[in-house]
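Subject: Structure handover

Hello,

Here is the structure we spoke about, with the sequence beside it. My notes on it follow below.

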Amino acid sequence: MLGLDCRRDSLQVRRSIGFLPSEFRLYENLSRRQLLGYLGGLGGDVDWSYVGELSDRLGIELNRSIRTLSHGNKQKLAIALAFLHRAPVMILDEPTTGLDPLLQQEFFDLVDEQRAAGSTVFLSSHNLTEVERVCDRVASVREGRLVAVEDVSAIRASAVRKVELTCARDLTVADFATIDGIGDLEVDGLVLRCTMRGPLGPLVAAAGAYEIVDILSREPNLEEFFLAMYGNRRQHHAG
């Protein structure tokens, strides 16, 4: 990790990681300020000006007792602890659990700032929209094994879109069957349904002669992509 031996240099390695587990327990007899000072101090000096900034952004009241907090407010405190030292490596497991949409956006902004500062962020989530928003690369894990790693940009570029096109006049299948990238072609009177890999221009051009009334195009999300590409793949070797 960061060129260090995780056993021999374990203290330095741990001080280089910001960690947010999916499940955690906090010292409930402490105030938020006391907890941030105590656990933050284990990782080095605490920058209290940055603590104040995090508290303002996440809506953390520093002097309240932890035992009085809801799950969502405890999640905000755990996020602050993970970001406290602006570590070069961040490991975040289901980080937005319990956060409202505005706080989720604030969390995304914090991640963007960490990445811009050069940190590497590992994020585990079942929220595929969240993964698409935050990540450059996405890995799919199935039955405890790494199935695939893909660039998000490459997934978007190669995605097969589902298209539904409505025209003013009845369509003829033969006029569309030879278009590059078309698949699952189905014509029902005025409506054409298909999948398209690549640009939609040739499809739109062919449909122009039928007077296009409406066109719907939807890219698959990451879950659909990985299920389509790797959902039935069997693993026969250790990852």
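How many of the seven residues of strand 8 are buried? Five are, which leaves strand 8 mostly covered. Please keep in mind throughout that this is a predicted model. I start with the chain as a whole and then come back to strand 8 and its neighbours.

The whole chain

The chain has 239 residues, and 36% of them count as buried. It holds nine helices and nine strands. If you take the contacts between residues at least 6 apart in sequence, 66% of them join residues at least 24 apart. About 14000 Å² of the chain is exposed, and carbon and sulfur atoms supply 49% of that area.

The four-stranded sheet

Strand 8 belongs to an open sheet of four strands, in the order 7-8-6-9, and the pairing is antiparallel. Strand 7 (182-188) and strand 9 (212-218) are the edge strands, each with pairing on one side only. From one strand to the next, the twist averages 15°. As a general point, the strands of a sheet pair through backbone hydrogen bonds.

Going through the order from strand 7:

- Strand 7 and strand 8 are joined by five bridges in the antiparallel sense. Within this pair, Val187 stands opposite Leu192 of strand 8. The two strands form a hairpin with two residues between them, and Gly189 in the turn has a positive phi of about 65°.
- Strand 8 (residues 191-197) and strand 6 run antiparallel and share seven bridges. Leu192 in strand 8 is the bridge partner of Leu165, and Arg193 in strand 8 stands opposite Glu164. Leu192 therefore turns up twice in this list, facing Val187 on the one hand and Leu165 on the other.
- Strand 6 (residues 160-167) and strand 9 pair over six bridges, again in the antiparallel sense. Lys162 has Arg218 of strand 9 as its bridge partner, while Thr166 stands opposite Asp214 of strand 9.Which side chains of strand 6 are buried, and which are not? Arg161, Val163, Leu165 and Cys167 point to one face and are buried. Val160, Lys162, Glu164 and Thr166 point to the other face and are not buried. In a regular strand, side chains alternate between the two faces of the sheet.

The loop before strand 9

Two residues in the loop between helix 8 and strand 9 are worth a look in the viewer. Gly208 is found in this loop, which follows helix 8 (201-207). The C-alpha atoms of Gly208 and Cys167 are separated by 8.5 Å, although the two residues are 41 residues apart along the chain. Is Gly208 buried or exposed? Gly208 falls in between: with a relative accessible area of 43%, it is partly exposed.

Glu211 lies in the same loop, between helix 8 and strand 9. Glu211 has a positive phi of about 60° although it is not a glycine. It counts as partly exposed because its relative accessibility is 45%, and the partly exposed class lies between 20% and 50%.

Another residue with a positive phi is Leu2, at about 55°, and it is not a glycine either. Leu2 sits in the segment before helix 1 (10-15).

The three-stranded sheet

There is also an open sheet of three strands, in the order 1-2-3, with parallel pairing. Its edge strands are strand 1 (17-20) and strand 3 (120-124), and each of these pairs on one side only. The twist here averages 10° from one strand to the next.

Strand 1 and strand 2 (residues 89-93) run parallel and are joined by four bridges. Gly18 has Met90 in strand 2 as its bridge partner. Helix 4 (residues 71-83) lies across strand 1 and strand 2, and runs at about 165° to strand 1.

A patch on the surface

Which residues make the nonpolar surface patch of about 330 Å²? They are Tyr27, Tyr38 and Leu42. Of these, Tyr38 is placed in helix 2 (residues 32-42). Tyr38 has a relative accessible area of 44%, so it counts as partly exposed.

Regards

Notes
Residues numbered from 1 in each chain as written. Predicted model: local features only at pLDDT ≥ 70, side-chain atom pairs only at ≥ 80, totals over all residues. Heavy atoms only, no water. Pairing = 2+ DSSP bridges. Axes fitted to C-alpha atoms, helices over the stretch in contact; angles between N-to-C directions. Contact = heavy atoms within 4.5 Å. Patch = residues over 30% accessible without salt bridge, like charges linked within 9 Å, V, L, I, M, F, W, Y side chains within 5 Å. Areas by Shrake-Rupley, 256 points an atom, 1.4 Å probe, with all protein chains shown as cover. Salt bridge = Lys/Arg side-chain N within 4 Å of Asp/Glu carboxyl O. Buried < 20%, exposed > 50% of the residue type's maximum accessible area, 1.4 Å probe, protein only.
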